[in-house]
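Me: I'd like a close look at one single part of this structure. Please pick a piece and walk me through what surrounds it, in plain words.

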Amino acid sequence: MSLASEYKQQFGWRYWPTIFDALPSLQGQTILDLGCGVGELAAELVACGARVIGVDMNEELLREARSRQLSNAEFRAADLRRLPELGIAAAAYAMYGTARPRADGATFG
Ligand SMILES: C[S@@+](CC[C@H](N)C(=O)[O-])C[C@H]1O[C@@H](n2cnc3c(N)ncnc32)[C@H](O)[C@@H]1O
């Protein structure tokens, strides 16, 4: 199975309605899809009225994403570790568990 096919299969394993329900309206928003892969999430975001800039370093996956010909999405090849050089974001952070309560009741971040 190709990597693109693998990612397409994995997309179906996630419960996207729960995630989208938790988001504010995406209408008119510009969303940076970091590690966009085959563009499945980008397609969902565009369907919600967003404009999407997808970034990935894998050409095979980007070809698949671009073949969707989404009206309001563009897919760029870049290494996320060099994102500032793209001129679309100064930095990107992924944070997990930053609001987890501590034993003393205070919270991180
Ligand atoms: C687990 S896949 C997720 C794909 C897609 N976001 C999804 O949810 O189905 C991670 C993606 O990040 C991309 N990626 C990983 N490291 C990267 C980097 N340093 N720069 C650009 N893309 C990267 C991979 O090529 C891959 O498409």
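Reply: Let's start with some vocabulary: helices (H or I, at least four residues) and strands (E, at least two) are DSSP runs, numbered from the N terminus. Along the sequence they come in the order α-α-β-α-β-α-β, so to speak four helices and three strands. Residue numbers start from 1 along each chain as its sequence is written. Keep in mind that this is a predicted model: local features need pLDDT of at least 70, side-chain atom pairs count only at pLDDT 80 or more, and totals for chains, interfaces and linings use all residues.

The piece I'd pick is helix α4, residues 59–67. On pLDDT, the predictor's confidence in each residue from 0 to 100, α4 has the highest mean in the chain, at 97, while helix α2 (residues 16–21) has the lowest, at 82. The chain as a whole averages 83, and 81% of its residues score at least 70.

Which way does the helix face? For that you need a burial rule: a residue is buried if 20 or more other C-beta atoms lie within 10 Å of its own, exposed if 12 or fewer, and partly exposed in between, with C-beta atoms placed from the backbone. By that rule, 18% of the 109 residues of the chain are buried. In α4, the buried ones are Leu 61, Leu 62, Glu 64 and Ala 65. Looking down the axis of α4, you find these buried residues within an arc of 160 degrees, so they line one face of the helix. (The arc is that of the directions from the helix axis to the C-beta atoms.) An α-helix has 3.6 residues a turn, so residues three or four places apart point the same way. The face of α4 turned away from its buried side has exposed residues, Glu 59 and Ser 67.

Now for the neighbours. Two residues are in contact if their C-beta atoms, placed from the backbone, lie within 7 Å. The buried residues of α4 pack against α1 (3–11), α3 (40–47), β2 (51–56) and β3 (73–77).

Take Leu 61: it is buried because 22 other C-beta atoms lie within 10 Å. Setting aside residues up to four places away in sequence, Leu 61 touches Leu 3, Ala 4, Tyr 7, Gly 37, Val 38 and Asp 56. Leu 3 is 58 residues from Leu 61 in sequence, yet their C-alpha atoms are 7.6 Å apart in space.

Leu 62 is buried too, with 22 other C-beta atoms within 10 Å. With residues up to four places away again left out, Leu 62 touches Asp 56, Phe 75 and Ala 77. Gly 39, 23 residues from Leu 62 in sequence, is 7.6 Å from it, C-alpha to C-alpha.

Ala 65 brings us to the largest nonpolar core. Such a core is a set of buried Ala, Val, Leu, Ile, Met, Phe, Trp, Tyr and Cys residues joined through C-beta atoms within 7 Å. The largest has 13 residues, and those with the most contacts inside it are Cys 36, Ala 42, Leu 45, Val 52, Ala 65 and Phe 75. Two or more residues come to this core from each of α3, β2, α4 and β3. Ala 42 is in contact with Ala 65, and also with Asp 33, Cys 36, Val 52, Gly 54, Leu 70 and Ala 73, not counting neighbours within four places in sequence.

What happens where the helix stops? Just after α4, Gln 69 takes a positive phi of about 50 degrees. Most residues other than glycine have a negative phi. Gln 69 lies in the loop between α4 and β3, and it counts as exposed because it has 7 C-beta neighbours inside 10 Å. Its C-alpha is 9.6 Å from that of Ala 43, although Gln 69 and Ala 43 are 26 residues apart in sequence.

One caution about another stretch: over residues 96–102, pLDDT stays under 50, and the model has nine contacts beyond four places in sequence for them.
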